[in-house]
Amino acid sequence: MKNTLLIKNIGILQTPVGSYSHKGEKQGENIKMKDAALLIEDGIIKEICENGQLPKGSEEVTTIIDAEGKLVTPGLVEGHTHLVFGGYRQNEIPLKLKGATYLDILRAGGGILDTVRHTRQASFEELYNKSFDFLDEMMALGVTTCEAKSGYGLDMENEIKMLQAVKALEQNHPMDMVSTFMGAHAIPDEYKDKADAFIDMLCEEVIPEVERQQLAEFADVFCEDSVFNVAQSKKYLESAKAHGLGLKIHADEIEEIGGSELAGEMGAISAEHLIAIGEKGMAAMAKAGTTAMLLPATSFYLGKTFAPARRMIELNIPVAIASDFNPGSCPSLNLQFAINLGYLRYKMTPEEILTAVTINPACAIGRGDKVGTLEAGKQADLVIWDAPNMEMLCYRFGSNLAMQVIKKGSLV
């Protein structure tokens with residue numbers, strides 16, 4: 001017997017238009033159905049009706065949920081996290097209060113390198129259990145698909161350990177996981193002043209092993225002042241591409257050194273951060289169709305300016321919003337808070353924001369054909385919100401407005 005679920009009495013069912021999303025055209029266009037109902041069969045959306053109509057076969061469903069006139073959207077897609085890590089970095093707050101910058105702390109051996117030390121000391125089980133709890137928290141906030149990067153191991157053993165943890169989470173947690181290898185996240189102590197040699201090691205040893213074990217779908221690099229320059233980043237990404245990995249770039253977060261232009265040149269699926277991006281970088285990304293993965297909570301936490309989201313939308317760059325959850329520059333996994341910041345600081349419309357936390361990040365992590373919109377034939381990932389519309393979801397902050405989260409047709 002088929003497992004069926006009917007969600008009825010939906011006040012507004014709102015979803016991006018799947019056929020337009022990710023290409024940049026009309027990325028603020030949403031479908032809004034009033035007094036809607038949605039039928040799910042074996043974890044897949046079967047039919048959606050509006051204006052009080054019910055899908056065919058509704059009288060024979062096994063489970064019924066009354067949405068009580070609330071807003072229903074696709075499950076949120078988290079497109080950028082550093083989910084797996086050892087330790088925390090609350091000890092950096094006094095340094096920041098005294099004026100130390102992100103790069104100041106990194107140059108002094110703290111920052112990412114401090115997390116590297118704790119991650120290397122942590123067992124697989126410790127990393128797995130800690131990350132599992134994070135995923136529970138994310139899902140309670142409405143996230144149903146999550147990208148996770150490595151990058152706190154910075155050697156063969158510990159990068160593989162992190163990626164194996166993500167693979168195990170994908171197998172055992174309800175959350176759909178997408179894994180990104182980010183071995184080029186910082187220069188470890190043992191390679192201090194030898195960045196070229198470190199890139200060579202990653203290209204010649206670690207990337208082939210990641211491919212052999214099938215541990216990642218994408219590769220990412222921190223192309224930034226005091227980290228990896230454009231030439232080093234390009235070499236790393238060329239190796240990743242040769243080994244079958246899709247390309248992502250941390251670009252123009254602090255200094256504009258050419259990372260976003262490299263993203264466009266290499267056809268990266270996404271460029272991340274982009275706080276300091278200029279017109280040349282945006283033009284390159286627009287030409288390549290590269291998604292801008294914007295991280296407003298990081299700007300908020302670091303006291304930095306916010307990426308030029310409105311200009312990107314004007315240039316038809318697909319814009320996605322993610323949390324950037326990590327222990328240093330954004331110790332928050334609350335994508336709802338990022339939605340609020342997108343509204344208040346990026347000046348995006350509620351329709352643009354919904355697109356930016358559903359279909360655009362889904363396409364930027366290779367899942368746009370399965371999740372990110374509500375339409376027949378797609379996976380039944382959706383959220384019933386304690387809100388009448390998207391405007392309320394963008395307006396309220398500090399409270400979890402996710403009433404019920406449905407993952408693959410099951411209430412979680």
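A residue is taken here as buried when its relative accessible area is under 20%, as exposed when it is over 50%, and as partly exposed in between. By this scale Arg 311, at 31% relative accessibility, counts as partly exposed. The structure described is a predicted model, and the account begins with the charged pairs in which residues such as Arg 311 take part.

Side chains of opposite charge can pair when their charged atoms come close. A search of the whole structure finds 24 salt bridges, and a few of these are described here. Arg 311 meets Glu 314 in a salt bridge with an N to O distance of 3.1 Å. Because Arg 311 and Glu 314 are three residues apart in helix α11, about one helical turn separates them. Whereas Arg 311 is partly exposed, Glu 314 has a relative accessibility of 55% and therefore counts as exposed.

Helix α11 also takes part in a salt bridge that reaches another helix, for the side chain of Arg 310 meets that of Glu 352 at 2.8 Å, N to O. Arg 310 lies in helix α11 and Glu 352 in helix α13, which spans residues 350–356, so that this pair ties together parts of the chain 42 residues apart in sequence. The two partners fall into separate classes of accessibility: Arg 310, at 30%, is partly exposed, while Glu 352, at 11%, is buried.

A further salt bridge is formed by Lys 149 and Glu 272, whose closest N and O atoms are 3.5 Å apart. This pair links distant parts of the chain, since Lys 149 belongs to strand β7 (residues 143–149) and Glu 272 to strand β11 (residues 270–273), with their positions 123 residues apart in sequence. Both Lys 149 and Glu 272 are buried.

The open spaces of the model were examined next. The largest pocket has a volume of about 350 Å³, and 15 residues line it, with Leu 106, Leu 113, Ile 187, Lys 192 and Ser 226 lying nearest its centre. Its lining divides into eight nonpolar, two polar and five charged residues. Ile 187, one of the residues nearest the centre of this pocket, has its C-alpha 6.7 Å from that of Val 227, although the two residues are 40 apart in sequence. Val 227 is found in the loop between β9 (218–223) and α7 (230–242), and with a relative accessibility of 7% it counts as buried.

The second largest pocket holds about 210 Å³ of space. Among the residues that line this pocket are Ile 93, Leu 97, Tyr 102, Tyr 301 and Lys 304. At least two lining residues come from each of α1 (93–97) and α10 (296–302), and α1 gives the largest share, with three residues. By class, six residues of this lining are nonpolar, two are polar and two are charged.

Some of the residues that line the second largest pocket, including Ile 93, Leu 97 and Tyr 301, reappear in a nonpolar surface patch of about 410 Å², which Ile 93, Leu 97 and Tyr 301 make together with Phe 300. Here too α1 and α10 are the elements that give two or more residues. Leu 97, a member of this patch, is located in helix α1 and counts as exposed, with a relative accessibility of 72%.

Enclosed space was also searched for, and one cavity of 30 Å³ or more is found in the whole structure. The volume of the largest cavity is about 90 Å³. This cavity is lined by 13 residues, of which His 82, Tyr 102, His 185, Asn 326 and Ser 329 are the closest to its centre. The lining of the largest cavity consists of four nonpolar, six polar and three charged residues. Tyr 102 is thus named among the residues lining the cavity and is also listed in the lining of the second largest pocket.

Finally, two residues were noted for their backbone angles. Most residues other than glycine have a negative phi. Asn 9, however, has a positive phi, near 60 degrees, and Asn 316 likewise has a positive value, near 65 degrees. Asn 9 lies in strand β1, residues 4–16, whereas Asn 316 is placed in the loop between α11 (309–314) and β13 (319–321). Both count as partly exposed, Asn 9 with a relative accessible area of 35% and Asn 316 with a relative accessibility of 41%.

Technical notes:
Residues are numbered from 1 along each chain as its sequence is written. This is a predicted model: local features need pLDDT of at least 70, side-chain atom pairs count only at pLDDT 80 or more; totals for chains, interfaces and linings use all residues. Side-chain values use heavy atoms; hydrogens and water are left out. Helices (H or I, at least four residues) and strands (E, at least two) are DSSP runs, numbered from the N terminus. Buried means under 20% relative accessible area, exposed over 50%, partly exposed in between (1.4 Å probe, protein chains only). On a 1 Å grid over the protein atoms alone, a cavity is a set of points where a 1.4 Å probe fits but cannot get out, and a pocket is an open set with protein on both sides within 12 Å along at least five of seven lines; lining residues have an atom within 4 Å of a point. Grid points are joined across faces, edges and corners, and a volume is the space filled by probe spheres set on the points. Ala, Val, Leu, Ile, Met, Phe, Trp, Tyr, Cys and Pro count as nonpolar, Asp, Glu, Lys and Arg as charged, and the others, Gly among them, as polar. Patches are made of residues with over 30% relative accessible area and no salt bridge: like charges are joined within 9 Å, nonpolar side chains (Val, Leu, Ile, Met, Phe, Trp, Tyr) within 5 Å. Accessible areas come from the Shrake-Rupley method with a 1.4 Å probe; for residues, only the protein chains shown count as cover. A salt bridge is a side-chain nitrogen of Lys or Arg within 4 Å of a carboxyl oxygen of Asp or Glu.
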